[in-house]
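The following exercises concern the arrangement of strands and helices in one protein chain. Each task is followed by a solution in steps.

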Amino acid sequence: MLLPTGNPHPLANVAAETESPSPRPTSPILNQLPVTPSSLSPPSDTHSTPMSPAPNDPVISIGRPLRTHKPPSYLKDYHVSIARSNSSSSTRQGSNVTLLQYIKARLCGQFHTKDLGSLKYFLGIEVARSSRGLYLCQRKYTLDILDDCGLTGARPSEFPMEQNLKLSNSTGAILSDPSPYRRLVGRLIYLTVTRPDIVHTVNILSQFMHQPRQPHLDAAHRLIHYLKGSPGQGIFLHSQSDLVLKAFCDSDWASCPMTRRSTTGYCIFLGSSPISWKTKKQTTVSRSSAEAEYRSMAVATCELTWLSFLLRDLGMPLTTPVPLYCDNQAALHIAANPVFHEP
């Protein structure tokens, strides 16, 4: 993990340059790297200096837009792309340790950076590394939430929300100061980065940010009690899992007592590792549970399509169909044969 440190690089002076109608020359520092045209080449008003790369060096493309109407910010307008070498003597993969060390050394040679070693803690996310994979959790962040709410000594709960609880915007007393509730729900939203088990509850609590009431605060405290029982819960990314996508989707028909709209939820796995999950209220009212489930399948399919293109761009194209699991037979029949759907 590389972070900038010390005084800013001389390239930072680019952001302070005044507007000028004449094109500005490329920085001489860029000429020290092998540069070739990249697939992410800048527009016609940009310029970069080409050079011939070494035979066994990875191809690195760095270009700086030479704008005349607005000065570029530091390092924001630099396009960097890395391609694997076509050398026949040694094949370098994207996860090759030697290639990574080579790139880090070249970056440290051109910019003021600091190598922090293996990733252990970043933006409240704790990373535990082993030969089996990576474990991501937010234990310290969760304990900070408990301490901020004054519930560090609370009794743990086994469930994040009471069963069949229906929250509305018309029952209960309005909170005199909604700031603590909004702050708490905002922190819980970030906690869902590594806690798929609380996504549904947080989605419900976030719908009352404009005018929270006492039942909403009680439900949020119930979720805090649940977090007290498992502050170190997180996700585990297996290192030996198969690179095969599979998805599970479901819906809660007419779960909103105010709008009668359904809730969509899905979870997508890459092998045995969860990589994407979401819970969201549907935009329209579904007239049947089959329609709500079908809409849930459509949302999950869109996410699977995007992930399949992403994996293909990363050099891991999918060779088998992606299974999508749903527990509604009517929705499955509609997906298999559109004739079953009413026109």
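**Exercise 1. An open sheet**

Task: In the predicted model, state the order of the four strands that form an open sheet, and identify the strands at the edges.

Solution. Step 1: The four strands follow the order E6-E7-E8-E9, with antiparallel pairing. Step 2: Strand E6 (121-122) and strand E9 (234-238) each have a single partner strand, so each of them stands at an edge, with one side left without a neighbour in the sheet. Step 3: The pairing of E6 can be followed in detail, for two bridges join E6 to strand E7 (residues 125-130), and these strands run antiparallel. Step 4: Within this pairing, Tyr121 has Glu126 of E7 as its bridge partner.

**Exercise 2. A strand with two partners**

Task: Determine in which sense strand E10 pairs with E11 and with E13, and describe the faces of E10.

Solution. Step 1: Recall that strands of a sheet pair through backbone hydrogen bonds, either parallel or antiparallel. Step 2: E10 (residues 245-252) pairs with E11 (residues 263-270) in the antiparallel sense, over eight bridges. In this pairing, Asp250 lies opposite Gly265 of E11. Step 3: With E13 (residues 324-325), E10 pairs in the parallel sense over two bridges. Here Ala247 lies opposite Leu324 of E13. Step 4: For the faces, recall that in a regular strand the side chains alternate between the two faces of the sheet. In E10, the covered face holds Leu245, Ala247, Cys249 and Ser251, whereas the uncovered face holds Lys246, Phe248, Asp250 and Asp252.

**Exercise 3. Helix H3 and its contacts with H2 and H5**

Task: Classify the orientation of H3 relative to H5 and relative to H2, and describe both contacts.

Solution. Step 1: The axes of H3 (residues 179-191) and H5 (residues 214-229) come within 11 Å and cross at roughly 40°. H3 is therefore oblique to H5. The crossing of these two helices is left-handed. Step 2: On the side of H3, the contact is made by Tyr181, Leu184, Leu188 and Leu191, and H5 contributes His216, Leu217, Ala220, His221, Leu223, Ile224 and Leu227. By class, this contact comprises nine nonpolar, two polar and no charged residues.

Step 3: The axes of H2 (residues 139-149) and H3 also come within 11 Å, and cross at roughly 170°. An angle over 145 degrees counts as roughly antiparallel, and H2 and H3 are therefore roughly antiparallel to each other. Their crossing is left-handed. Step 4: Tyr141, Thr142, Asp144, Ile145, Asp148 and Cys149 of H2 meet Arg183, Leu184, Arg187, Leu188, Tyr190 and Leu191 of H3. By class, the contact of H2 with H3 has seven nonpolar, one polar and four charged residues.

**Exercise 4. Helices H6 and H7**

Task: Give the orientation and handedness of the crossing of H6 and H7, and list the residues that meet.

Solution. Step 1: The axes of H6 (residues 289-313) and H7 (residues 329-336) come within 8 Å, crossing at roughly 55°. H6 is therefore oblique to H7. Step 2: The crossing is right-handed. Step 3: From H6, Ala290, Glu293, Tyr294 and Met297 meet Ala330, Ala331, Leu332, Ile334 and Ala335 of H7. Step 4: Sorted by class, the contact of H6 with H7 has eight nonpolar, no polar and one charged residues.

Methods: Residues are numbered from 1 along each chain as its sequence is written. This is a predicted model: local features need pLDDT of at least 70, side-chain atom pairs count only at pLDDT 80 or more; totals for chains, interfaces and linings use all residues. Side-chain values use heavy atoms; hydrogens and water are left out. Axes are lines fitted to C-alpha atoms, for helices over the stretch in contact, and angles run from 0 to 180 degrees between N-to-C directions. Angles under 35 degrees count as roughly parallel, over 145 as roughly antiparallel, 65 to 115 as roughly perpendicular and the rest as oblique. A crossing is left-handed if the near helix is turned anticlockwise from the far one by less than a right angle, and right-handed if clockwise. Contact means heavy atoms within 4.5 Å. Ala, Val, Leu, Ile, Met, Phe, Trp, Tyr, Cys and Pro count as nonpolar, Asp, Glu, Lys and Arg as charged, and the others, Gly among them, as polar. Two strands pair if DSSP finds at least two bridges between them. Buried means under 20% relative accessible area, exposed over 50%, partly exposed in between (1.4 Å probe, protein chains only).
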